[in-house]
Amino acid sequence: MPTSFSKIVQTAGRNSISIRMLGYILICSTFLALLITIIQLFWDYRKDVEVIEDGIAQIEASFLQPIAASLWNLDEEQVQMQIEGIMNLPNMQYVMVKEILGNTEVPLISQGVEKKKYDISHEFDLIYQGEMVGKLFVAASLEEIYQRLLEKSVLILVSQTIKTLVVSICIILIIYSLIVRHLNKMANFTSNFNLDHLDQELLLDGRSKKLPHKYDELDMLASTLNQMRTTIQVELEARQKAVEQLQQERDFSATIINSSNLVISCLEPDLSIASINPAAVLLTGYLKEEMLSKNWLDLFVTKEMRDELAVELENMSVIEDREIVMLDQQGAELILEWTFVPFHENNELKYLIGFGYDITPLKRVEREIKQLNEELEEKVKVRTKDLQESNDQLAKAYQDLKQAQQTLVEAEKMASLGSLVAGVAHEINTPIGISVTASSYLQEQADEFRTHVEAKKISMTYLNEFLGNLDESTSLMQSNLRRASDLISSFKQVAVDQTSEAHYTFKVADHLHQVVVSLGHKLKKAHCEVEINCDPMIELTSYPGSLTQIYSNLILNSINHGFGEDFDKPRQVTIDVTEQGDDVLIDYRDNGQGIDPEVLPKIFDPFVTSKRGQGGSGLGTHIIYNLVAQLLKGRITCESTVGEGVQFHICIPKVTPAS
């Protein structure tokens, strides 16, 4: 410890942090000592005052009644003894008993030192059997407490001062040992830092890497300094390499400049040539010495362009890829493409670097290309005219094809309608024939009845038989005529819808039943049953004629293609209609032969049919697709497995805008 203390004293002049820390510690310790002393003295003062107050409270509890009784009995000796007992209490200074005679207080007995003002005083009433016989005045002094506190404060301050000095010295020794001496070594290391001896590492005393100790902030600082030393060493080596590389690049750049076919010139602010590469010598025919210090405009610009370029270069406007015409030493015209880059030093223009590329051969080729382009444009015009004529012919052929396709579509519609007519005619034939037979029978019965009437041979038996035949025939005629009327109404509605583009709101279920009724003949002939699953309240605002054609084509396709002549299973068509938000979903399926996998992807293409040459046009599904996608603004898809039938999914909006 003496050695450390001597080091602190020796380095105090140049290491003021130790002195400052010692001063700060002393100030803080002194302040804390004073604060603790004041608190302790105040605490003792309060305790002593409480003792006096407790004594006065004891007087009130123990002495008032006896003194009042003695005073009532006029026993002054007893009163004197009781006052002496009060004076024996701690810090009592003065006690006096007063006797009340009428309205006057007369001092009777007193003891102690009488003063005008007391530190603590209190006066009590002496009451005996409900009557006040006198008063007791007691006073206490704090002089002894003050003297005792003063002595105690001196003792505390002396002990605190000694303790503070000892603790401060110990703390400063600890701080010096743990911090200051290492900071001194770091300061010496940094002050003696030499770039030529960067291999010397900073090691703190007692903190060798070989000795185990806790890694703290000083080690971090020492490590940081060592890392800084290493970083500086690495950066110096890198800078040295960069200088060497820069020298190599400078030599390489000089080689490129001297061997480049670009004219590279370094111009002074007044446009005089400071340096120029050999490419200019080959281009102009002048020697390098002849071009130096000459104005760049005089050598590389024709007279017509000098004034304009001089103004632009003086105003430091950007010049990039400017084509400039010049004359070489023999007077031949050359075209160079120039770009200028300013070089500044301390925010002032030092040089103007110009790069000129000889584009004379390119301009010659450009002129030739322009001439070829003009010839090519003329050829293109001729070819364009020929292509336009070919396009007109193709457009006409396309229109003819569309017209032919439309004709075939209309023919398909009329063929479908003709099939409906034949089917309805066959269906109506039976009820009409029965009605005709019944009417003929009625005519015969009427003639026979007239004969009986004229012969006056009408019996009750005959009349009852005649009326029975009449009722039976009439009922038969009514039922068959009603059936024929229903068939004709369905046919009329379907025929009108299919041959017109009417747009109105209708019930889907009723409309679908009408279509099935109109196709009843073909369904019976094909032994095919149609099952319809549709909510009667579902409505569409659309084109019923187009839906009629869609249903008809789907059912006829099932009859003609799905159920062949050799199909031996029950023939069933199922149509499910459901609502989904603002759309209506129509699910059509049959249990027929299905569609060939090679035909299925092209099922909606025009003229695709499996019965080519057997009356199939190949337009049925194409018409269905066009009606669903274009007119009804919906979607249609087809799924099929050979031997398991076909299924069409149709989705159309509930409200189709009228076209």
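Me: Which residue stands opposite Leu327 in strand E8?

Reply: In this predicted model, Leu327 stands opposite Glu333 in E8. Residues are numbered from 1 along each chain as its sequence is written. Because the model is predicted, local features need pLDDT of at least 70, side-chain atom pairs count only at pLDDT 80 or more, and totals for chains, interfaces and linings use all residues, while side-chain values use heavy atoms, with hydrogens and water left out.

Me: How many bridges join strand E7 to E8, and in which sense do the two run?

Reply: Two strands pair if DSSP finds at least two bridges between them. Strands (E, at least two residues) and helices (H or I, at least four) are DSSP runs, numbered from the N terminus. Here six bridges join E7 to E8 (residues 333–345), and the two run antiparallel.

Me: What is the strand order of the sheet that holds E7 and E8?

Reply: The order is E6-E5-E9-E8-E7, an open sheet of five strands with antiparallel pairing. Strand E6 (273–276) and strand E7 (322–327) are the edges; each has a single partner strand, so one side of each lacks a neighbour in the sheet. From one strand to the next, the twist averages 35°. Angles run from 0 to 180 degrees between N-to-C directions, with axes fitted to C-alpha atoms, for helices over the stretch in contact.

Me: Which helix packs on this sheet?

Reply: Contact means heavy atoms within 4.5 Å. Helix H10 (residues 303–314) touches E7, E8 and strand E9 (348–358), and its direction makes about 135° with that of E7.

Me: What is the strand order of the other open sheet of five strands, the one with mixed pairing?

Reply: That sheet has the order E11-E13-E14-E16-E15. Its edges are strand E11 (528–534) and strand E15 (635–640), each with a single partner strand, so one side of each is left without a neighbour in the sheet. The twist averages 15° from one strand to the next. Helix H13 (residues 508–518) packs on the sheet, where H13 touches E11 and strand E13 (571–580) and makes about 175° with the direction of E11. Helix H16 (residues 620–631) lies across E15 and E16, at about 145° to E15.

Me: How do the strands of this sheet pair, for instance E13 with E14?

Reply: E13 and E14 are antiparallel over eight bridges. They form a hairpin with two residues between them, and Gly581 in the turn has a positive phi of about 65°. Gln580 stands opposite Asp583 in E14. E14 also pairs with E16, again in the antiparallel sense, over seven bridges, and Ile586 has Ile650 in E16 as its bridge partner. E15 is joined to E16 (residues 646–653) by six bridges, running antiparallel; here Ile636 stands opposite Ile650.

Me: Which residues have the most contacts inside the largest nonpolar core?

Reply: In soluble globular proteins, nonpolar side chains tend to be buried together. A nonpolar core is a set of buried Ala, Val, Leu, Ile, Met, Phe, Trp, Tyr and Cys residues joined through side-chain atoms within 4.5 Å. Buried means under 20% relative accessible area, exposed over 50%, and partly exposed in between (1.4 Å probe, protein chains only). The largest core has 44 residues, and those with the most contacts inside it are Leu547, Ile550, Val577, Ile586, Phe648, Ile650 and Ile652. Elements giving two or more residues to this core include H13, E11, helix H15 (544–562) and strand E14 (583–590). H15 gives the most, with six residues. Apart from this core lies another, of 29 residues, among them Leu41, Ile83, Val95 and Ile120.

Me: Which residues does Ile650 contact, leaving aside its neighbours within four places in sequence?

Reply: Ile650 is in contact with Ile550, Leu554, Val584, Leu585, Ile586, Val628, Arg635 and Ile636.

Me: What span should helix H6 have?

Reply: The expected span of a helix is 1.5 Å times one less than its number of residues. For the 43 residues of H6 (residues 217–259) this gives 63 Å, and the end C-alpha atoms are 60 Å apart, which agrees. The buried residues of H6 are Leu218, Asp219, Ala222, Leu225, Asn226 and Arg229, and they pack against helix H5 (143–191).

Me: Where is pLDDT under 50?

Reply: pLDDT is the predictor's confidence in each residue, from 0 to 100. The chain has a mean pLDDT of 78, and 83% of its residues reach 70 or more. The value stays under 50 over residues 492–500, for which the model has 21 contacts beyond four places in sequence. Residues 612–616 are also below 50, and this stretch has four contacts beyond near neighbours in sequence. Where pLDDT is low, the predicted coordinates should not be read in detail.
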